[in-house]
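Work through the exercises below with the model open beside you. Try each task before you read its solution.

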Amino acid sequence: MWIYKLSWIAAASYLLSAPCLAAQAPNLGQVATPEEILSWDISISPDGSGLPPGSGTAKQGEALYGAQCASCHGDKGTGNPQEPPSPVSAGPLAGGQGSLAGNQPPMQTVGSYWPYATTLFDYIRRAMPWAAPKFLYSLTAYILHLNGIIGDTEIIDAQALPKVQMPNRDNFIRIYPREPG
Ligand code: HEC
């Protein structure tokens, strides 16, 4: 019986203290400032909105790629076929155009598969070793050049990048929204 009483007391004291807790809760972290939100809001759309100022060419990106990317992605984006769990094993970034057709497993690279050049900038900034915006444009340009998509002196910036026509752009099919039922 005393167990029953105890739990009743516990429930009553919880109910009584609940409004008090609500007044204090959650008290976790702090409200993000507009500046903080801006620094995390780094998404770039296919149409290029969100691209920061800056520019670069493939020629400028070549040395940077050699220093920061080639150890994992191989010279000229050919991939580094070390057996996992090697920390420097990563797939190719160039080649494979046309390999999506036919019955063989396709080689999916930036040049053979990705529909938008702007995604390349977004991906490198988000996921690959940190680089400042001016380097990001040259790196993006260099990988596009490795894939034979732009020339090595073409200036790539927020206006030019969204206009780059990726070879596989028109081969994606829309699955959603599905037919009702
Ligand atoms: C420490 C190794 C390493 C380094 C250095 C590195 N990468 Fe990567 N990268 C990877 C791995 C691993 C993946 C695959 C990630 C996955 O599929 O989830 C990848 C994926 C990518 C992709 C996407 C490829 C695709 O088709 O899905 C791009 C683009 C890329 N890296 C660019 C770069 C650039 C540019 C640099 C230099 C600034 C760089 N990477 C440096 C390991 C590395």
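Ala, Val, Leu, Ile, Met, Phe, Trp, Tyr, Cys and Pro count as nonpolar; Asp, Glu, Lys and Arg count as charged; the others, Gly among them, count as polar. The model is predicted: local features need pLDDT of at least 70, side-chain atom pairs count only at pLDDT 80 or more, and totals for chains, interfaces and linings use all residues. Residues are numbered from 1 along each chain as its sequence is written.

**Exercise 1. Describe the shell around the ligand by class and by element.**

Step 1. Take residues near the ligand (C-beta atom, placed from the backbone, within 6 Å of it). There are 18 residues around the ligand, and Gln68, Cys69, Cys72, Ala90 and Met128 come nearest.

Step 2. Sort by class. The shell has 14 nonpolar residues, four polar ones and no charged ones.

Step 3. Assign elements. These are DSSP runs numbered from the N terminus: helices (H or I, at least four residues) and strands (E, at least two). Helices α4 (70–73) and α5 each supply at least two shell residues.

**Exercise 2. Which residues of helix α5 are buried?**

Step 1. Apply the cut-offs. Buried means 20 or more other C-beta atoms within 10 Å of the residue's own, exposed means 12 or fewer, and partly exposed lies in between; C-beta atoms are placed from the backbone.

Step 2. Read along α5 (residues 117–127). Ala117, Thr118, Leu120, Phe121 and Ile124 are buried. They sit on the same side of α5 because they cover an arc of only 155° around the axis. That arc is taken from the directions from the helix axis to the C-beta atoms.

Step 3. Turn to the face away from the buried side. It carries the exposed residues Arg126 and Ala127.

**Exercise 3. Find what builds the largest nonpolar core.**

Step 1. Define it. A nonpolar core is a set of buried Ala, Val, Leu, Ile, Met, Phe, Trp, Tyr and Cys residues joined through C-beta atoms within 7 Å.

Step 2. Count. The largest core has 26 residues; Phe121, Ala141, Tyr142, Ile143 and Leu144 have the most contacts inside it.

Step 3. Trace the sources. α3 (58–68), α5 and α6 (133–146) each supply at least two residues of this core. α6 gives the most, with eight residues.

Step 4. Check Leu144. Contact means C-beta atoms, placed from the backbone, within 7 Å. Leaving aside neighbours within four places in sequence, Leu144 is in contact with Ala58, Ala117, Ile149, Ile150 and Val164.

Definitions and conventions: Two residues are in contact if their C-beta atoms, placed from the backbone, lie within 7 Å.
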